[in-house]
Amino acid sequence: MDLTFSVPKSVTVAQTAVWRAELEATRSGDEVRAGQFRDIRTAIESAIEDANTEALAYVADLTVARTGRHGGAGTAGTWVKAPDLIVASFFQHTSRSNDPHLHHHNVVANRAGCEDGEIRALDTVDLRKQRLAYSAVADRVLAERMESLGLPMPMRPDGMSREVLGVNLDLIDLFSTRGRAVTESM
């Protein structure tokens, strides 16, 4: 199962702008300035990593597996917590359209260690239903970490998500090829 944590586009735009400034400073030989931009870029990336890690910890707390049989009277199983997830995380920088798009793919194996010491298959149906819950955890942690970097992320006017304050919406749209294609087809 792939649990993807995608950051708001404004975070990607901010990180990409800082990275570009870092590269330009490096190319011009200004290592001090390049180091300053590198520190900001890695702090943004660390905020994303922290958010992903906290979301996965929350997922581990939610995940259950079924014990016993799925059949008739007296043989029906019960649910047991399955916190020992096996996860491979991949930090990605671009979308399928090759636009800048920071996100984590978290590939979760369909087996986990359960509280009773057994290894069982996960209830992936329930896990999918919880996606908004762990996404909310990741979003909140990211907003807090970005705020601590001096990059506040207030709620958008439509109330749908948070964006980095000061990142121009036209610039966000410029890097949203896939989003524009979906919107135009509707």
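**Reading the elements of a predicted chain**

From the N terminus on, this predicted model runs β-α-α-β-β-β-β-β-α-α-α-α, with six helices and six strands in the chain.

Colleague: What makes you call the chain more spread out than a compact globule?

Modeller: The radius of gyration is 20 Å, whereas the globule rule gives 16 Å for 186 residues, and because the value is well over that figure the chain counts as more spread out than a compact globule. Along the principal axes, the C-alpha trace spans about 70 × 40 × 25 Å.

Colleague: How many of the residues are buried, and what share of the contacts joins residues at least 24 apart?

Modeller: Buried residues make up 35% of the 186 residues in the chain, where buried means under 20% relative accessible area. Among contacts between residues at least 6 apart in sequence, 57% join residues at least 24 apart.

Colleague: How do you know that the length of H1 agrees with the expected span?

Modeller: H1 has 19 residues, which at 1.5 Å a residue should span 27 Å, and since the end C-alpha atoms of H1 are 27 Å apart, the two values agree. The buried residues of H1 include Val-11, Val-18, Ala-21 and Ala-25, and what covers the buried residues of this helix includes H2, S4, S5, H4 and helix H5 (169–174). After H1 comes Gly-29, with a positive phi near 90 degrees.

Colleague: What makes you say that H4 agrees with its expected span, and what covers its buried residues?

Modeller: For the 18 residues of helix H4 (residues 131–148) the expected span is 26 Å, and the end C-alpha atoms are 26 Å apart, so the value agrees with the expectation. Buried in H4 are Tyr-134, Ala-138, Val-141, Leu-142, Ala-143 and Met-146, and their cover includes strand S1 (2–6), helix H1 (9–27), helix H2 (31–62) and helix H3 (124–129). H4 is followed by Gly-150, and the phi of Gly-150 is positive, near 85 degrees.

Colleague: Why is Asn-98 called exposed, and where does this residue lie?

Modeller: The relative accessibility of Asn-98 is 57%, and because exposed means over 50%, Asn-98 counts as exposed. Asn-98 lies in the loop between strand S4 (84–94) and strand S5 (100–113), and has a positive phi of about 65 degrees although it is not a glycine. Most residues other than glycine have a negative phi.

Colleague: How many positive and negative side chains does the chain have?

Modeller: There are 21 positive and 26 negative side chains, and the centres of the two sets lie 6 Å apart.

Notes. Residues are numbered from 1 along each chain as its sequence is written. This is a predicted model: local features need pLDDT of at least 70, side-chain atom pairs count only at pLDDT 80 or more; totals for chains, interfaces and linings use all residues. Side-chain values use heavy atoms; hydrogens and water are left out. Helices (H or I, at least four residues) and strands (E, at least two) are DSSP runs, numbered from the N terminus. The expected span of a helix is 1.5 Å times one less than its number of residues. Buried means under 20% relative accessible area, exposed over 50%, partly exposed in between (1.4 Å probe, protein chains only). Contact means heavy atoms within 4.5 Å. The radius of gyration is taken over C-alpha atoms; the globule rule is 2.2 Å times the number of residues to the power 0.38. Lys and Arg count as positive and Asp and Glu as negative; His and the chain ends are not counted. The place of a charge is taken as NZ of Lys, CZ of Arg, CG of Asp or CD of Glu.
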